[in-house]
Structures are given as C-alpha cells and as structure tokens.
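Here is a short, friendly tour of one model, written to be read with the structure open beside you. Please load it into your viewer before you go on.

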Amino acid sequence: MGRRSLNKIRSSDLEKRKKWINNAMPYFQEYGIREINMEKMAEYLGISKGTIYNHFSSKDEIVEFAVRLKIDSIKDFHKILFNYQLGFVERYYKSIQYYTQQLYDISLLIIDDLKELYPEVWALVNNFQDAAMKGLIRYYEEGMASGNFIKVNPKLLAREDRLFFELLFNQSFLIKNNLTLRKAFNDHFKVKFNGLIESKIPFELE
Amino acid sequence: MGRKSTERDRYKDREIREKHTVRFMVYFQNNGVENFSMSKMAKDLGISKTTIYNHFSSKEEIIQAAITYKLSVIAEYQTVLENITLPYTERYRKAMLFFCVQIFDVSNKLLLQIKVSYPKVWRKVVIFQKNVMLDLRSYYEIGIEIGVFKSNMNPVLLSLDDQKFFDLLSNQTVLKENRIEVLEAFNHHYSVKFNGLLDPSFEMLS
C-alpha cells in the first residue's frame, strides 16, 4: 500500500484526487468499501478507469487516501476548540458542531468495512479519535481550572463525546427518528452544558 | 405423601436450584462461558456434578438460568424508576445507580461469548435491553411533558445517551484504565446529564 502522505503528492494531482474522492463519498457511503471497484467508481464519477489508475494504483490506495483526507478535514476542529478569540463555551459549540458536520457522509457500513478489511487504515482513525479526545480533555481541564465547569472527570466527558460521534455514523438511526445532525448535536450540546432539568437559566449562543 | 409436603419439597427444590444459580452467575462473571466445562465448574465450586445434573439438564440450561436470574435482579430498577413517592429526578438517580452497579459485573466479554455460543440466551438479553430503553424513553417523555425536563429534547437521544454510558460500563477497561469507580462514573453521568457541565456561577460574557 502506498504510504505517501498527502503533502508529498504533486499539487495539481492532489487537487484532482481530492475532487474525485469527495465526489465519490456518497457512493462509498451507500455501498461501503467492500463493494467498491474501480470500474463502478469510474462510472460513478463519469471518468475512465484508466484515468483513475493514472492517479491511484489500487483500491487500497484509494481507501487510505479517502480516510486521510477525511481525517485532515475533521482535524480543523482543533483550531476552533483552541481559538482563544472565541468565548469559552463558543469554542466547544463551534468546534464540535464543525466536527459533527464533517461526519455527514460517513456511514456505519464504511466504518464496519474499514474495521474488518483495513485494520491498518482503521488504526489511523483510532489514533485520530484518541488525539481528538486528548484535545477535548485539555479543554475540559481548562474549564474546570477556570471555574467555568463543575468538577467532574474530564476523561469521561471526552469519552462521552466520542460515543456521541460514533452514534452519528448510524445514519439509519438518525433517519428513523427523524433527526438531523444539527438537531442531534444541539441536543447533545444543550444537555451537556446546561443539563436536562428545566429550571436552570440556559446558556444561549446568539 | 400429603399434598402439603410435596409443595414444600418442590419449594425446597426451587430454593436449592436458585442458590446454585446465584453461584453459577458469579462463576460466569469471573470465568466467562467460553470453554465452559461442567466438571471444572463443579470442582471449582465444590459441588458434585450429580447435584448439578439433578437440577439442570444441560450447559445451556445452566447458562440460561444464571442469566435469567441476573436479569431478574437488574429488573428491580423498574420499581424504583416507577416509584411515584420519590421526586422525579430521584427516581432516575436511584434506579439507574442500582442498574449500573448491577450491570458493571457483566462484562462485554461475557456478553459477546453468550452472543456467539448461546443465541437463545442472547435473545433474552437483547429483549431485556430493548425494554430498558423503552422504560427510559417513556421516563424522559413524561418528564418533558410534565415540565421537569426541558421541552424540545429528543427522548430517544436521551435514552440512547444512557445506553452508550451503560456500554461504557460493561466495557470495564475504560473505567479500569482510568481508575474510575462505578459510583463515581454514575454520579458524573447523572450530574452532567441533569444539571449540565457549566458551573452555576458561570457568567456569560457577551
């Protein structure tokens, strides 16, 4: 499997690859990874199989590239979480909202296929999630140190966020319950920060 | 033999069976059910194999009895959750604390082994879990309806959030790695969920 990192690829080539992968995401989302083949992917993208092979040597390379691309874009949540220009709560709200929005084209099927067929690539995802949790833990610790948060276990708080993200992979669940990512995230945020009990004065973001 | 004494015999019989069942469940919690051997269990528990066979006809029956017993204990949470003499939030706190302490003994590993090797028993577990979710869902629905909880919250998401937390407990490793006790984890879950993470003195900076 080509272990080329994204920044080692020629830039014009990189743009083309990114475009294809982004365009092919709905296809992956629906069919998972097991079912992907170069022919169908080319057909879906409206290009020739040969063109794809000019840029990707194998399906494995496509899968790894797609995963790295996704991780790279989600990673930006970190910048928002530690953007000190923003209000303290706003940092969480905006960054985790961004994070959850990025999950819109990932399905359980993709996740299950990755775990089963590409354990090495899945390890990248896992490492990313671990790193994301570390960022969140730091944020919570900061909040407790500054007295904005009650004193609870920051690791558990971060773990709960991770479980929440995993829930969002399950799109059929969201659809069945008539939930959008936005609604699910807003509920998660509201309960986490202000609690479920009615009597409190809620923190509102404009 | 008079009718009365037969009744008493049967009662006694049931009592002995139950006493064994409790011990079996503890045994499975510690040893799992994979590669489970009757002779080894009999030896470890200091019961003769004949005694076991007097009460149970097969391995599956033993496992079924042990799990059924455990589920019936856990199910006691219901009486507390539905106890209308308690304040509404207290009903949840007490009921689910009991629930969490109970399920913490049952590891994911054991559940997985049952799922793989004893599908009939597994079905019971799944039905039980579904019922817990339904109970919690209606608890939240009613709470929203009577104004204890914020309106506009999604009861399904709220109950799912609990399920994720229960999974975390059954996973055991997360708590062990972070040296968190079940009680602490539950209190954390409860206080964040009901009162929110923000310190009451948190001041909105606008």
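## The buried face of helix α11 in chain A

In this predicted model, helix α11 of chain A buries A:L181, A:A184, A:F185, A:D187, A:H188, A:F189, A:V191, A:K192, A:F193 and A:N194. That makes 10 of the 14 residues, and the helix is mostly covered.

What do these buried residues pack against? Within chain A, their partners are α6 (88–102), α8, α9 (154–169) and α10 (171–176). Chain B joins in too, through α9 (155–171) and α11 (182–195).

## Length and end of the helix

Helix α11 of chain A covers residues 181–194, and at 1.5 Å a residue its expected span is 20 Å; the C-alpha atoms at its ends lie 20 Å apart, so the two values agree. Just after the helix comes A:G195, which has a positive phi near 85 degrees.

## The nonpolar cores

If you would like to look at side-chain packing next, begin with the largest nonpolar core, which holds 74 residues. Its members with the most contacts inside the core are A:F28, A:M41 and A:Y140. The biggest contributor is helix α8 of chain A (residues 119–145), which supplies 11 residues. Both domain 1 (14–65) and domain 2 (75–194) of chain A provide at least three residues each to this core.

Another core, of 66 residues, lies apart from that one, and B:M25, B:I52, B:I103 and B:F166 are among its members.

## A closer view of A:M41

Which residues does A:M41 touch, leaving out those up to four places away in sequence? They are A:I21, A:A24, A:Y27, A:F28, A:I36, A:I52 and A:I62.

Note on methods. Residues numbered from 1 in each chain as written. Chains lettered and ligands numbered in written order. Predicted model: local features only at pLDDT ≥ 70, side-chain atom pairs only at ≥ 80, totals over all residues. Heavy atoms only, no water. Core = buried A, V, L, I, M, F, W, Y, C linked by side-chain atoms within 4.5 Å. Buried < 20%, exposed > 50% of the residue type's maximum accessible area, 1.4 Å probe, protein only. Helix = DSSP H or I, 4+ residues; strand = E, 2+ residues; numbered from the N terminus. Domains from an automatic or database assignment. Contact = heavy atoms within 4.5 Å. Expected span 1.5 Å × (residues − 1).
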